[in-house]
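Student: I am new to this structure and would like a close look at a single part. Please take one helix and what its side chains contact, then go on to the other contacts of that kind.

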Amino acid sequence: LYARAQPASPWLPGAALPLLGAMQTALAAGTPQASALAERIGGVLTKHVCHARDVPTRAGIEPVTVETVAASLSSSIRAASRPSGGGDTKGFAKPATAVSLYLLRVLEALEARAREAKGAGGERETEPAASKAAVAAYVSALKEFKANKRCRLKGPFFQAAFDRHPSLAAALLPELAAAASANADKPGARGEFVRAEGLKLLAAALALGRRRSPAVAASAKKH
């Protein structure tokens, strides 16, 4: 109710990660009551918290700073990649993706607002630049995806971020190309899966350049 009534609350970005952790704990418990609680928390996240405004009130000061939100984004991606405990973790992917996308959206908005306040570039941005903190977080996620067979991240997790933030896809083209050719000299099912997923993501990212992202097109020419 609070998230629905106060979509600009400065406390919502900070609440997303603890709620995700509570859902993870409930799923790990594995009891019918805990599973019902986890489902309820997931609904609160996907239907309310993660639909809050891009730039909350008090943006730029605690608890809504670039540093704080960037740290929460990295933690949410780690949670999505390695759900802890036992129990049914299948229902965890959608809320974890939603939280990561929400925090990414807030982070990009905060950095864009900071650039506008400083007058960087003079004119209004036609395509917001990718957040350096977000790029670092997703680079780590892609490396985890390539190297760890227990990583729970799938192609749709990255695709959802790229569709909403083409400039992030542009910044990650080298990493996507690396995933598309990962362990090419080592036969095995895992390597084939990673390369196939990498090729899908690379193709989808390059398609953004043709449709609507000058940054992707420019990055493709550069790399």
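Tutor: What follows starts from helix 9 and goes on to salt bridges and aromatic rings. This is a predicted model, in which local features need pLDDT of at least 70 and side-chain atom pairs count only at pLDDT 80 or more, while totals for chains, interfaces and linings use all residues. Residues are numbered from 1 along each chain as its sequence is written, and side-chain values use heavy atoms, with hydrogens and water left out.

Helix 9 covers residues 173-180; helices here are DSSP runs of H or I with at least four residues, numbered from the N terminus. Its buried residues are Leu173, Glu175, Leu176, Ala179 and Ala180, where buried means under 20% relative accessible area, exposed over 50% and partly exposed in between, with a 1.4 Å probe and protein chains only. Viewed down the helix axis, these buried residues fall within an arc of 160°, so they line one face of helix 9. The arc is taken from the directions that run from the helix axis to the C-beta atoms.

Glu175 has a relative accessible area of 19% and is buried. Glu175 forms a salt bridge with Lys146, with 3.8 Å between the closest N and O atoms; the term stands for a side-chain nitrogen of Lys or Arg within 4 Å of a carboxyl oxygen of Asp or Glu. This pair links distant parts of the chain, since Lys146 lies in helix 6 (residues 132-147) and Glu175 in helix 9, 29 residues apart.

The whole structure holds two salt bridges by this search. Glu197 and Lys200 form one of them, their closest N and O atoms being 3.4 Å apart. Both residues lie in helix 10 (residues 189-211), three residues apart, or about one turn of the helix. Glu197 is buried at 12% relative accessibility, whereas Lys200 is exposed at 54%.

Turning to the rings, the search of the whole structure gives five aromatic pairs. Rings of Phe, Tyr and Trp (its six-membered ring) pair if their centres lie within 6.5 Å, and planes under 30 degrees apart count as stacked, over 60 as edge-to-face and the rest as tilted. Phe157 and Phe158 form an edge-to-face pair, 5.4 Å centre to centre with 90° between the planes. Phe157 is buried at 5% relative accessible area, and Phe158 is buried at 0%. Ring pairs join Tyr138, Phe145, Phe157, Phe158 and Phe193 into a cluster.

Technical notes:
Helices (H or I, at least four residues) and strands (E, at least two) are DSSP runs, numbered from the N terminus.
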